Amino acid sequence: MPLLEDQDPSLSLYADMMQQVPRTAKELFIEVGKPYRKKFFLFFLLGGIGSFFWMTTPYVVAKIIDALTETPSITNIVVWLLVLFVFLRFAEETLWRAAEYVARSFVPELVEDVRMSLFRSTLAKSHYYFVNSSSGQLGHWINQASATTKNFISTVFWNMWGMAFKLVVAAGFLFTVHWALALLFIVWLILLFVFTVKRGRTFSELIADWGEEKSKGAGQVVDAMSNHLAVRSFTTKSYEEKLLAAQQRNIVRSRKISWRHNLITNAAKGQSANVAGLLGLVFAVWLYAEGQITIGELVLFIAYFDAASVGLWKLSWAINELYMDYGMLNNALEGLHGADERQASLQNASSQSEVASDRSVTVVLNNVGFAYPDQPESKILSSFDLKIEPKQKVGVVGGSGAGKSTLVALLLAFYDATEGEILVNGQTLQEQDPSFMRSLASYVPQETNLFNRTIKENVLYAKLDATNAQITRALELAEASDFVAALPKGIDTLIGERGVKLSGGQRQRIAIARAILRDAPLLILDEATSALDSVSEQAIQKALHTLMQDRTAVVVAHRLSTLKHLDKIIVMDQGRVVECGNHNELLVLDGNYADLWKRQKDGFLAA
Ligand SMILES: Nc1ncnc2c1ncn2[C@@H]1O[C@H](COP(=O)(O)OP(=O)(O)OP(=O)(O)O)[C@@H](O)[C@H]1O
Ligand SMILES: [Mg+2]
């Protein structure tokens, strides 16, 4: 019973898409635009011809005026010119609507491609990247990138292409009036273009700053929403509002800086249009007075120059818009940039959810040392040696912060050891695709990781093709079937974000059911039963022990009674193994473990 129906192969748009976040907007467009090259070309062709037709009409009008000045009656030529005029206008409209049809047929897909490829390349990032990111910002950037791509394309298609084309045609027609007029126009065009591009670069950077501030704001909003319980219980609503208001001031400030920059650009451009227009007009009137151009050509000049001034103005606005989108997009891409997980993991993404067929797992840690990347001088694990034989069950104990979860993170290849090596079935973990280790393991983390989906979907996550019977069995073994059955919609109940609608212990049982369903040869439990009452825990322990029987297991627990029957227990302190042996051996040793055991047994912590 797969979670998703097999996709229509024609929709596998994303199959060959980028695996890494492109560094710049340009890289993104090249990558995402590739499959639609022909459609882009068709759009530009249709729109280009349409605009050419449109720009030809003043020329036809000038010819009508000239014909009428020569013979003031409706001659054949005038009729034909009128027919041509009507044809050009109708053709222009039809061609642009055809271009629109082409654009609408692929732009929505392209915009979704951007979202999908960024979603995919972001999920491929390292664990460390996510640890250091704000999910609000990540979501904001992905949405922003697809929204600005849409704006960018709209601007190019509807505000730039036709206009740019018209300007070039206008320059061409001006040559038919007088070369000097055309030259004046071209010089102005080039100057304005250079000026717009030069100012645009800075504008784009200022917009990226604005984008950065906006993303921080978005991150803050999501952070406050997801911690609404803390906001409520500490009655800090107005404090959160103040925090956001402070960020909003930064957003407004950075927007105003970019806006002022743009205002200066626009003012300069607007006045230059007046100057150029005036010069052109004076020059054209002089040419007419000198008898160098006809009255029709004078009208033609005025029509083209006027259309061109308006066009150029609109075009420079459009270029500004482009720089704005470009800045926004670059900000999003920069934010989404970060270290990827080892390359190899990305190639066989589809096999990552599968469990390895190899049922026997041996793990050896040789002199392993580890420090988190942002604190390289603070060693969390040092000179760590451990050997886990096939089907051996190893318990891990130690005070809070001793490095137990860090050890688990290394075993699951969330991080690479910074010293020494970890061998899994003889393979050096650091050299393997991370999916290699994950395909061998069922993992129940210290903090349960549940989706805002139904119970069934959450359990199914461990084995996407599991049958209903397998899911029911896993829930039974995890002592979850009773409470699930009591829920209004049973297994189809939505459990809220991170499973908030369930109790802590219920969440853990769902996580355990998931691990049971996964049925991998290595079981890694990090405080998997810490939130359960002793009765439920005992029942689950029984199920877990049965589950562990024919597999290798690493069990982290504070309650020593959970570990008592395991083959080997290691006691960790400040990232080192300080004691190692089975329960009885450690009691005889009379060290940390024996001490802890006595305290828990005496009821200091109920065992
Ligand atoms: N992502 C991280 N970046 C930097 N330091 C971290 C990170 N995760 C954990 N640490 C630090 O590593 C040390 C060991 O943490 P770890 O989570 O492994 O402890 P633990 O033994 O599992 O503790 P507990 O019993 O409380 O779960 C702690 O001092 C912690 O502050
Ligand atoms: Mg821990």
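**Reading sheets, cores and a ligand shell**

Me: I'm looking at an open sheet of four strands in the order β2-β1-β4-β5, with antiparallel pairing. Which strands are at its edges?

Reply: Keep in mind that this is a predicted model. To find an edge, look for a strand that pairs on one side only. Here the edge strands are β2 (379–388) and β5 (427–428).

Me: How many bridges join β1 to β2, and how many join β1 to β4?

Reply: Take the pairs in turn. β1 and β2 run antiparallel and are joined by six bridges. Strand β1 (residues 363–371) is also antiparallel to strand β4 (residues 419–424), with five bridges between them.

Me: Which residues stand opposite each other there?

Reply: You can use individual partners to fix the register. On the β2 side, L365 stands opposite L386. On the β4 side, G369 is opposite E419, and V363 has V424 as its bridge partner. Follow those last two along β4 and you can trace the antiparallel run of β1 and β4.

Me: There's another open sheet, built from six strands. What is its strand order, and what sort of pairing does it have?

Reply: Read across the sheet rather than along the chain. The order is β6-β7-β8-β3-β9-β10, and the pairing is mixed. β6 (441–444) and β10 (576–581) are the edge strands, each pairing on one side only. From one strand to the next, the twist averages 15°.

Me: In what sense do β3 and β9 pair?

Reply: Compare the chain directions of the two strands. Strand β3 (residues 393–398) and strand β9 (residues 568–573) pair in the parallel sense, over five bridges. For a spot check, V396 has I570 in β9 as its bridge partner.

Me: And which helix lies across β6 and β7?

Reply: That's α16. Helix α16 crosses β6 and β7 (522–526), and it runs at about 175° to β6.

Me: Now the interior. Which residues touch the most other members of the largest nonpolar core?

Reply: For a core, look at its size and then at its best-connected members. This one has 77 residues, and V459, A513 and I524 touch the most other members. Helix α16 (residues 504–518) supplies the largest share of the core, seven residues. A second, separate core has 65 residues, including L174, F301, M328 and L333.

Me: What is I524 in contact with, leaving aside neighbours within four places in sequence?

Reply: With those neighbours set aside, its contacts are V408, L411, L412, A441, Y443 and V554.

Me: Let's try a single residue in a helix. Is T148 buried or exposed?

Reply: Count the C-beta atoms around it. T148 is buried because 24 other C-beta atoms lie within 10 Å, and the cut-off for buried is 20 or more. T148 sits in helix α5 (residues 135–177). Beyond its neighbours within four places in sequence, T148 contacts D325, M328 and L329. For a feel of the helix, compare T148 with V177: they are 29 residues apart along the chain, and their C-alpha atoms are separated by 42 Å.

Me: Last one: how many residues surround ligand 1, and which are the closest?

Reply: Treat the shell as a list, then sort it by source and by class. Ligand 1 is surrounded by 14 residues, the closest being Y372, S400, K404, S405 and T406. Helix α11 (residues 404–411) gives the largest share of the shell, three residues. Sorted by class, the shell holds eight polar, four nonpolar and two charged residues.

Terms used:
Residues numbered from 1 in each chain as written. Chains lettered and ligands numbered in written order. Predicted model: local features only at pLDDT ≥ 70, side-chain atom pairs only at ≥ 80, totals over all residues. Core = buried A, V, L, I, M, F, W, Y, C linked by C-beta atoms within 7 Å. Buried ≥ 20, exposed ≤ 12 C-beta atoms within 10 Å, placed from the backbone. Contact = placed C-beta atoms within 7 Å. Pairing = 2+ DSSP bridges. Axes fitted to C-alpha atoms, helices over the stretch in contact; angles between N-to-C directions. Near = placed C-beta within 6 Å. Nonpolar A, V, L, I, M, F, W, Y, C, P; charged D, E, K, R; others polar.
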